[in-house]
Amino acid sequence: MVSEKDVSYVADLAHLELTAEERVRMLKDLNSILGFIERLNELDTSKVEPMAQVTGRYSTKKDGDAFSYAMRADELRPSLPHQEAMQNAPQTDGTFFKVPKVIER
Amino acid sequence: MTALETMTVESTRTAVLEKQTTASALVDAFYKKIEADDPAIGAYLTLCKDRAHRQAERIDSLADRGDALPPLAGVPIAIKDVLTTKGVRTTAGSKILDNFIAPYTATAVARLEDAGTIVLGKTNCDEFAMGSSNENSGFHPVKNPRDLSRVPGGSSGGSAAVVAAGTAVASLGSDTGGSVRQPGAFCGVVGLKPTYGRVSRYGLIAFASSLDHVGPFGKTVNDVALILQHMAGRDPMDSTSADLPISDYASHIGEPITGLRIGIPKEYFGEGLDPEVRAAVETGIQELAKAGCEIVDISLPHTEYAIPTYYLIATAEASSNLARFDGVRYGLRERGAKTLAEMYRKTRDAGFGTEVKRRIMLGTYALSAGYYDAYYLKAQKVRSLLARDFDEAFAKVDAIVTPTTPTPAFKLGEKADDPLAMYLADIYTVTANLVGVPGITVPCGKSREELPIGLQILGKHFDEVAVLKIAHVVEHALAASTA
C-alpha cells in the first residue's frame with residue numbers, strides 16, 4: 001500500500017509539487033493501479049531473464065556483432081547550431097540558459 | 001475532382017501524376033474542408049499552411065516542367081503532434097510545449113515529404129500520447145467523426161479522425177500500447193503499427209522508448225502499405241532502427257493467402273469482449289478460412305499479465321523521458337520561483353495534466369529504491385514470458401487474429417474518472433508493443449449503433465507483408481458484403 005508519505009517522497013523525486021487535492025487523488029489511483037499490478041506476483045520468474053528492449057532479439061548479424069550497423073566513426077560532425085538550440089528557451093543571456101539562482105552567497 | 005472524403009493515397013497520387021488536378025488545388029480544397037468540418041471534431045491543433053503551399057508549389061512546378069514526380073506526389077497528410085516538424089509548433093498535446101517550435105523534422109515525416117506528400121497540419125492527441133480516448137489532450141478532446149458523442153480513441157485520436165472525416169487523405173500516429181490500432185478501430189479506418197525498428201523514431205517525442213512506434217493511418221490497406229514503404233528503413237539517427245531490407249509492401253496486396261496458418265488465441269475472446277465485436281471478428285475469421293487459410297486455435301497463456309506489465313514498463317520509461325521538461329531549455333517556465341528546484345516543480349505542476357502526472361508518479365515509484373526489483377524488474381521478466389508466448393505461437397502459425405478492442409468507441413466522459421478502466425481499453429493491443437511484432441487494425445463490420453469494429457492481425461517480426469495481405473482480404477470481404 002502506498003501511503004501519503006510515499007506520495008510526498010515520490011513527488012519530490014519526480015519534481016512535482018501537487019496540490020492537496022491532487023495528492024488525495026494520487027494516493028487513491030496509485031493504490032488502485034498497484035493493486036491491479038500485484039497479479040504479476042502469481043508468476044514465478046526466478047529463472048527468467050529480464051527483457052529491456054526488443055531489438056536484441058533480431059538482427060542481420062549475431063551476438064556481439066548484432067549492432068555493428070549502429071556504430072559510426074568517432075569524428076566531429078555539425079550539430080544543431082547554437083542559436084537554433086537556444087530559440088525555444090524561456091530565458092537566456094544570448095549564450096547560456098538562465099535559471100533561478102542555485103547557490104546562495 | 002472526386003469527393004475529398006473518398007480520396008485515397010492511391011487515387012490522389014494518380015490524379016496528380018495524370019494531371020487531373022494540381023497539388024495546390026488539392027491543398028486549397030483540403031483547407032477549405034478542414035475549416036468547414038474540423039471545428040466540430042477538433043482533430044487539428046496546428047495548420048501549417050505555408051509549409052503545405054511551398055511543398056505543393058514544388059510538386060506543381062516539377063509537373064509543369066514535365067519532370068518525374070515523386071511516388072506520393074501531392075498526397076495531403078496530417079501528422080500527430082508528437083512528431084517534430086521544423087519551424088512548426090509541436091506540442092505533444094501538452095501545455096508544457098504550447099509554444100515549442102521544433103528545430104528539426106522527424107525522419108518519418110521528412111521521408112514522406114521527400115516522397116511528395118504534403119503535410120497539412122498537426123493533429124491533436126492525448127498529452128504525450130498517454131491515453132486511450134484523446135480526453136487527456138492538454139487543449140481539447142477530439143470527437144469521433146462517426147458519432148460526435150463518442151471518443152475517437154487514443155492516443156492518436158486526431159490522426160484517426162482526420163482520415164475518417166476526410167480532412168486528410170492519410171496520417172501518421174504513434175503507437176506505444178495501441179495508440180494507432182485502437183483509434184483506427186474506433187474510427188473505422190486502417191491503422192498499422194510496424195515492427196519495432198522498422199520505422200525510425202528520430203523526432204518522435206519520447207514516451208516509452210522501448211515501446212514507441214511510428215505508424216500510418218489510411219482508408220485502405222494499400223494506403224498504409226504505401227505510406228510505410230516510403231518512411232521505413234534504417235536511419236543513422238535512431239540506433240534501434242533495423243538494418244534490414246524493406247519490401248515493396250503494396251505490390252504484395254491482393255496476392256492469394258491460401259495455406260497461411262492463422263492463429264486464434266483463446267485468451268483474446270474471453271470475458272469482457274462485447275458480443276457484437278466478437279461476432280464481427282468471427283465473421284472476418286470465416287472470410288479468411290474461405291480464402292484458403294488454415295484456422296488454428298492457439299494459446300498465449302500470459303495475456304492477462306500484459307496490461308500490468310505494460311503499465312509498469314511504460315510509466316517507468318516515461319518518468320525518465322519526461323524528466324527533460326523542466327522549464328530550462330524549451331517549453332513552459334512558471335515565473336516567480338526563488339530556487340531552481342521550486343522552478344522545476346512549479347513548471348511541471350502547471351504544464352502537465354493529471355494523467356501525465358499519474359504516470360510519472362507510478363513510474364518513479366516503480367523505479368525508486370526498494371521497489372525496483374518488485375515492480376520494474378518483475379515487469380521486464382514477465383515481458384520475456386510474453387515474448388516467449390509469441391515465439392511459441394509463431395512456430396505454429398503465420399499470423400494471429402484478434403479483436404482490436406473489447407468494445408466499439410465509448411462515450412466521451414464514460415471512463416474519464418477511472419484510470420484502470422481506461423487502461424483496459426488497450427487489453428488486446430499492448431502485447432504487440434512489449435514484444436515488438438507488427439499489428440494492424442482493419443474494419444470488419446459495424447455494431448447495431450453503426451459504430452465501426454476493428455479486427456487486429458499480428459505478424460512475425462518484420463513480416464508486415466503477411467499482415468497487410470491478410471488485412472486486405474478482410475477489407476475486400478467487408479466491401480463485398482456491404483456493397
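This report describes a predicted model of two chains, A and B, moving from the chains to their contact and then to single residues.

## Basis of the model

Residues are numbered from 1 along each chain as its sequence is written, and chains are lettered from A and ligands numbered from 1 in the order in which they are written. Since the model is predicted, local features need pLDDT of at least 70 and side-chain atom pairs count only at pLDDT 80 or more, while totals for chains, interfaces and linings use all residues.

The model scores ipTM 0.94 and pTM 0.97. In chain B the mean pLDDT (the predictor's confidence in each residue, from 0 to 100) is 96, and 99% of the residues reach 70 or more.

## Chain A

Chain A has three helices and zero strands. Helices (H or I, at least four residues) and strands (E, at least two) are DSSP runs, numbered from the N terminus. Along the sequence, the pattern of chain A reads α-α-α. Of its 105 residues, 14% count as buried. A residue is buried if 20 or more other C-beta atoms lie within 10 Å of its own, exposed if 12 or fewer, and partly exposed in between, with C-beta atoms placed from the backbone.

## Where the chains meet

How many residues of chain B are in contact with chain A? There are 56 of them, and they meet 44 residues of chain A. Two residues are in contact if their C-beta atoms, placed from the backbone, lie within 7 Å. On the side of chain B that touches chain A, the elements giving two or more residues are α9 (306-321), α10 (340-351), α11 (354-367), α12 (373-394) and α13 (419-423) of chain B. The largest share, ten residues, comes from α12(B). By class, this side of chain B divides into 28 nonpolar, 14 polar and 14 charged residues. Here Ala, Val, Leu, Ile, Met, Phe, Trp, Tyr, Cys and Pro count as nonpolar, Asp, Glu, Lys and Arg as charged, and the others, Gly among them, as polar.

One pair of helices shows how the chains pack. Two packed helices are described by the angle between their axes and the distance between the axes. Helix α1 (residues 4-13) of chain A packs against α11(B) at an angle of about 95°, with the axes 9 Å apart. Axes are lines fitted to C-alpha atoms, for helices over the stretch in contact, and angles run from 0 to 180 degrees between N-to-C directions. α1(A) is therefore roughly perpendicular to α11(B), a term for angles of 65 to 115 degrees. A:V10, A:A11 and A:L13 of α1(A) make the contact with B:M361, B:T364 and B:Y365 of α11(B). This contact has five nonpolar, one polar and no charged residues.

## The interior of chain B

Helix α4 (residues 107-114) of chain B is largely enclosed by the rest of the structure, because six of its eight residues are buried. These are B:T107, B:A108, B:V109, B:R111, B:L112 and B:E113. Their cover includes α3 (49-65), β2 (76-80), β3 (118-123), β4 (170-175), β6 (213-218) and α7 (221-229) of chain B. After α4(B) comes B:G116, whose phi is positive, near 105°.

The largest nonpolar core has 163 residues, and those with the most contacts inside it are B:I77 and B:A471. A nonpolar core is a set of buried Ala, Val, Leu, Ile, Met, Phe, Trp, Tyr and Cys residues joined through C-beta atoms within 7 Å. The largest share of this core, nine residues, comes from α9(B). Leaving out residues up to four places away in sequence, B:I77 touches B:L112, B:T117, B:I118, B:V119, B:L120, B:A168, B:V169, B:A170 and B:S171.

## Residues in the loops of chain B

Two residues have a positive phi although neither is a glycine.

| Residue | Phi | Loop of chain B | C-beta neighbours within 10 Å |
|---|---|---|---|
| B:A92 | about 55° | between β2 and α4 | 31, buried |
| B:E450 | about 70° | between β10 (439-446) and β11 (452-459) | 10, exposed |

B:S94 lies in the loop between β2 and α4 of chain B. Is B:S94 buried or exposed? It counts as buried, because it has 28 C-beta neighbours inside 10 Å. Not counting residues up to four places away in sequence, B:S94 touches B:E127, B:F128, B:G138, B:G351 and B:F352.

A cis peptide bond, with omega about 5°, joins B:G154 and B:S155. B:S155 lies in the loop between β3 and α5 (157-165) of chain B.

Definitions and conventions. Parallel < 35°, antiparallel > 145°, perpendicular 65-115°, else oblique.
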